[in-house]
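The exercises below ask you to read a model closely and to reason from its geometry to a description of its fold. Try each task with the structure open before turning to the solution.

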Amino acid sequence: MTTVRTALIPFLRNAVSALALFSLSYCAWAQSVLVQNPWARATVQAQKSAGVFMSLEAASDMRLVGASTPVAAVGEVHEMRLEGDVMKMRLLKGGLELPAGKTVELKPGSFHIMLMDLKTSLIKDTTIPLTLVFVDAKGVESKTELTVPVKAMAHMGAMAHAN
Ligand SMILES: [Cu+2]
């Protein structure tokens with residue numbers, strides 16, 4: 001009886017720590033980037049691009065490097081800012097930095113995901129599938145699949161691309 005118990009305890013300990021490790025690594029993976037309140041701006045007819053917005057919080061240092069969706073040929077990570085008195089958008093070539101534990105807002109007039117060469121109009125009150133592509137500090141890529149609601153918002157005025 002004693003021998004069984006002593007043999008069983010290390011086994012159980014190993015099993016428990018293996019389980020703990022597994023669930024820890026699973027959580028770290030599953031929650032590596034928290035995505036909140038994603039939305040895409042509805043388009044008017046013949047409009048070929050649309051912005052997608054959300055807030056992101058990474059558990060460890062990450063970068064948002066791209067996005068893809070079946071409804072657009074291209075998804076890029078953009079920054080918009082005022083240059084002089086003109087709002088300009090530009091591609092963030094190295095991606096958007098997501099420092100660990102910090103909420104980064106993608107919102108109109110600031111960082112956003114730009115969907116270009118839209119294959120269809122984005123209709124208010126529908127949803128689009130969106131895949132976000134992240135790279136961690138070691139350069140390892142991961143992806144997150146989202147369902148993004150399409151919302152109509154007040155027009156932001158003229159935008160100019162600076163490429
Ligand atoms: Cu843009």
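**Exercise 1. Decide which parts of the model can be read in detail.**

*Task.* State what the mean pLDDT of the protein chain is, and find where it stays under 50.

*Solution.* Begin with the origin of the coordinates, since this is a predicted model. The protein chain has a mean pLDDT of 83, and 75% of its residues reach 70 or more. Next, look at the stretches that fall below this level: over residues 1–9 the pLDDT stays under 50, and the model shows zero contacts there beyond four places in sequence. Residues 19–31 also have a pLDDT below 50, and this stretch has two contacts in the model beyond near neighbours in sequence. Where pLDDT is low, the predicted coordinates should not be read in detail.

**Exercise 2. Describe the overall architecture.**

*Task.* Work out how many helices and strands the protein chain contains and in which order they follow along the sequence.

*Solution.* The count gives one helix and eleven strands, and the order along the sequence is α-β-β-β-β-β-β-β-β-β-β-β. Then turn to the contacts: of those between residues at least 6 apart in sequence, 71% join residues at least 24 apart. Finally, consider burial, where 21% of the 163 residues in the protein chain are buried.

**Exercise 3. Place strand β2 among its partners and in the core.**

*Task.* Identify which strands pair with β2, and explain why β2 is described as largely enclosed.

*Solution.* Take the pairings one at a time.

- β1 (33–41) pairs with β2 (49–58) in the antiparallel sense over six bridges, and Val35 has Leu56 of β2 as its bridge partner.
- β7 (residues 103–106) pairs with β2 over four bridges, again antiparallel; here Leu56 is bridged to Val104.
- β8 (112–118) is joined to β2 by four bridges and runs antiparallel to it, with Ser49 bridged to Met116.

Leu56 therefore serves as a useful reference point, being the bridge partner of Val35 in one pairing and of Val104 in another, while the enclosure of β2 follows from burial, because seven of its ten residues are buried.

The next step is the largest nonpolar core, which has 25 residues, and in which Ala40, Val52 and Ile128 have the most contacts. Two or more residues of this core come from each of β2, β3 (62–68), β4, β8, β9 (127–136) and β10 (141–151), and β2 gives the largest share, six residues. To see how Val52 is surrounded, list its contacts, leaving out residues up to four places away in sequence: Pro38, Ala40, Ala67, His112, Ile113, Leu115, Leu130 and Val148.

**Exercise 4. Follow strand β4 to its two partners.**

*Task.* Determine how many bridges join β4 to β5 and how many join β4 to β8, and locate the glycine with a positive phi.

*Solution.* β4 (residues 72–83) and β5 (residues 86–91) run antiparallel and are joined by six bridges, with Leu82 standing opposite Met87. The hairpin they form has two residues between the strands, and Gly84 takes a positive phi near 65° in it. β4 also pairs with β8, antiparallel and over six bridges, and Ala72 is bridged to Leu118 there.

**Exercise 5. Examine backbone and exposure in the loops.**

*Task.* For Ala46 and Asp125, establish what the sign of phi is and whether each residue is buried or exposed.

*Solution.* Start from the expectation that most residues other than glycine have a negative phi. Ala46, in the loop between β1 and β2, departs from this with a positive phi of about 75°. Asp125, in the loop between β8 and β9, likewise has a positive phi, near 70°. For exposure, apply the cut-off of 12 or fewer C-beta neighbours within 10 Å: Ala46 has 7 and so is exposed, and Asp125 has 9 and so counts as exposed.

The loop between β8 and β9 also holds Ile123, which is exposed because it has 12 other C-beta atoms within 10 Å. Apart from neighbours within four places in sequence, Ile123 is in contact with Ala42 and Val150. Its C-alpha lies 8.4 Å from that of Val44, although Ile123 and Val44 are 79 residues apart in sequence.

Methods. Residues numbered from 1 in each chain as written. Predicted model: local features only at pLDDT ≥ 70, side-chain atom pairs only at ≥ 80, totals over all residues. Pairing = 2+ DSSP bridges. Buried ≥ 20, exposed ≤ 12 C-beta atoms within 10 Å, placed from the backbone. Contact = placed C-beta atoms within 7 Å. Core = buried A, V, L, I, M, F, W, Y, C linked by C-beta atoms within 7 Å. pLDDT = per-residue confidence, 0-100.
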